[in-house]
Amino acid sequence: MSRDTVDTITRSTPLEERITQDPGRFRILTGDRPTGRLHLGHYFGTLHNRVRLQDLGVETFVIIADYQVLTDRDVADDLTGHVEELVLDHLAVGVDPARSTIFTHSAVPALNQLLLPFLSLVSVAELGRNPTVKDEIAHSRQAAVSGLMFTYPVHQAADILFCKANLVPVGRDQLPHLELTRTVARRFNERYGDGTGIFPEPEALLSRAPVLLGTDGTKMSKSRGNAIALAASPDDTARLIRGAKTDAERHIHYDPQGRPEVASLLLLAALCQGRTPEQIAGEIGSLGAAALKRVVTESVNEYLAPIRARRAEYARDRALLRRVLREGNERARDVADTTLAEVRTAMNSDY
């Protein structure tokens, strides 16, 4: 773990205090690739936090990273459908387009133009060492690794810096990307800023929730087919949880290191019930994995019921989804155009 990563973890608590005291000082960039519906790992890892920060009064930009779909696959299948599904998921969990800007990569040309000068600020070796890129390559659906895969972290830097976000909610697996963004911002300021800070060096706000495992015992992921989507029906949720990997030990107790699959199910039930995993485990005890899965199923379905109801209501108004995107894209373009103009001036290319 790098020194920046350790420092980030240490700063999380005082950072939360600063946000609470003066939320107007912060601007957030966060988002997802439109490769499928969002799932419980997304919700407890980041979506719930986006809504919390929005409600505190933090200015929030949510990017639907449609261009980045191609980082680990050859074709972007049903891109329009996936984009609309992401908008639905965000509206359903409480992201308010009147207070948060929801937009797409492809609709903001000035954002993407930042990629070229930013690429000049990092080395090939730095990109190749990025552990998140290595993991993405390992799970890539491409016949061969594309150049876009290696530039992915720099494109994410453009996502963050186009709006001069100074706060990025992330999981620990995304910290290397944010460290590179901070490097890009610092190097641009040093090379072109003439002593002034054109770009902030954004801080990481680490998720409070540990990583949830998927039904196969690995990290929950859309691309691995092991996730419980927010939009899943109660019956589908029950089926997926029944098939979740556990272990042979009958007595249920919370041991994240020794029994990760069981611990993840306990954690999921606890998050839905607002209790601790130890409390859930104590009630199940020797009743075994079948009882654990029943508790998890009931907890998840009860928790998601209002979210699913709102999602179904929004889904009946596709014109609303397009309007949310259109208005968000317009706001994002205005911000990106202003930032690109500053960059051109700083680089003496404003002609």
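**Close-up views of a predicted model**

**View 1. Strands β4 and β5, side by side.** V170 faces L206, a residue of strand β5. The coordinates shown here, as in every view below, belong to a predicted model. A second facing pair is P169 with L205 of β5. Strand β4 covers residues 167-170 and runs parallel to strand β5, residues 203-206, with four bridges joining the two. Within β4, L167 and P169 point one way, V168 and V170 point the other way, and all of them are buried. Strand β5 is likewise covered on both faces. On one side of β5 are E203 and L205, on the other A204 and L206, and all are buried.

**View 2. The salt bridge between R52 and E16.** The two side chains meet with a nitrogen-to-oxygen distance of 2.9 Å. R52 belongs to helix α2 (residues 40-56) and E16 to helix α1 (residues 3-21), so the pair links distant parts of the chain, 36 residues apart. E16 has a relative accessible area of 14% and is therefore buried, the limit being under 20%.

**View 3. The salt bridge between R27 and E59.** The closest N and O atoms of R27 and E59 are 3.1 Å apart. R27 lies in strand β1 (residues 27-32) and E59 lies in strand β2 (residues 59-64), so the salt bridge ties together parts that are 32 residues apart in sequence. Both partners are partly exposed: the relative accessible area is 22% for R27 and 37% for E59.

**View 4. The salt bridge between D32 and R50.** Here the side chains meet at 2.8 Å, N to O. The pair links distant parts of the chain, since D32 is in strand β1 and R50 is in helix α2, 18 residues apart. D32 and R50 are both buried. Side chains of opposite charge can pair when their charged atoms come close.

**View 5. A network of salt bridges.** Four residues, R37, E85, D89 and R311, are linked in this network. Over the whole structure, a search finds 20 salt bridges.

**View 6. A patch of negative charge on the surface.** The residues that gather in this patch are E327, E330, D334 and D337. One of them, E330, is found in helix α14, which spans residues 318-346. With a relative accessible area of 41%, E330 is partly exposed. That value satisfies the requirement of over 30% for a residue in a patch.

**View 7. K164, a residue with positive phi.** Most residues other than glycine have a negative phi. K164 is not a glycine, yet its phi is positive, near 55°. K164 is placed in the loop between α8 (147-162) and strand β4. Its relative accessibility of 26% makes K164 partly exposed.

**View 8. N348, in the segment after α14.** This residue follows helix α14 in the chain. The phi of N348 is positive, near 55°, in a residue other than glycine. N348 is exposed, because its relative accessible area of 67% is over the 50% limit.

**View 9. P117 and V184.** P117 is found in helix α5, residues 115-119. The relative accessible area of P117 is 13%, and the residue is buried. The C-alpha atoms of P117 and V184 are separated by 9.7 Å, and the two residues are 67 residues apart along the chain.

**View 10. L175 and P23.** L175 lies in helix α9, residues 175-192. At 2% relative accessibility, L175 counts as buried. Between the C-alpha atoms of L175 and P23 the separation is 22 Å, for residues 152 apart along the chain.

Methods: Residues are numbered from 1 along each chain as its sequence is written. This is a predicted model: local features need pLDDT of at least 70, side-chain atom pairs count only at pLDDT 80 or more; totals for chains, interfaces and linings use all residues. Side-chain values use heavy atoms; hydrogens and water are left out. Patches are made of residues with over 30% relative accessible area and no salt bridge: like charges are joined within 9 Å, nonpolar side chains (Val, Leu, Ile, Met, Phe, Trp, Tyr) within 5 Å. Accessible areas come from the Shrake-Rupley method with a 1.4 Å probe; for residues, only the protein chains shown count as cover. Lys and Arg count as positive and Asp and Glu as negative; His and the chain ends are not counted. The place of a charge is taken as NZ of Lys, CZ of Arg, CG of Asp or CD of Glu. Buried means under 20% relative accessible area, exposed over 50%, partly exposed in between (1.4 Å probe, protein chains only). Two strands pair if DSSP finds at least two bridges between them.
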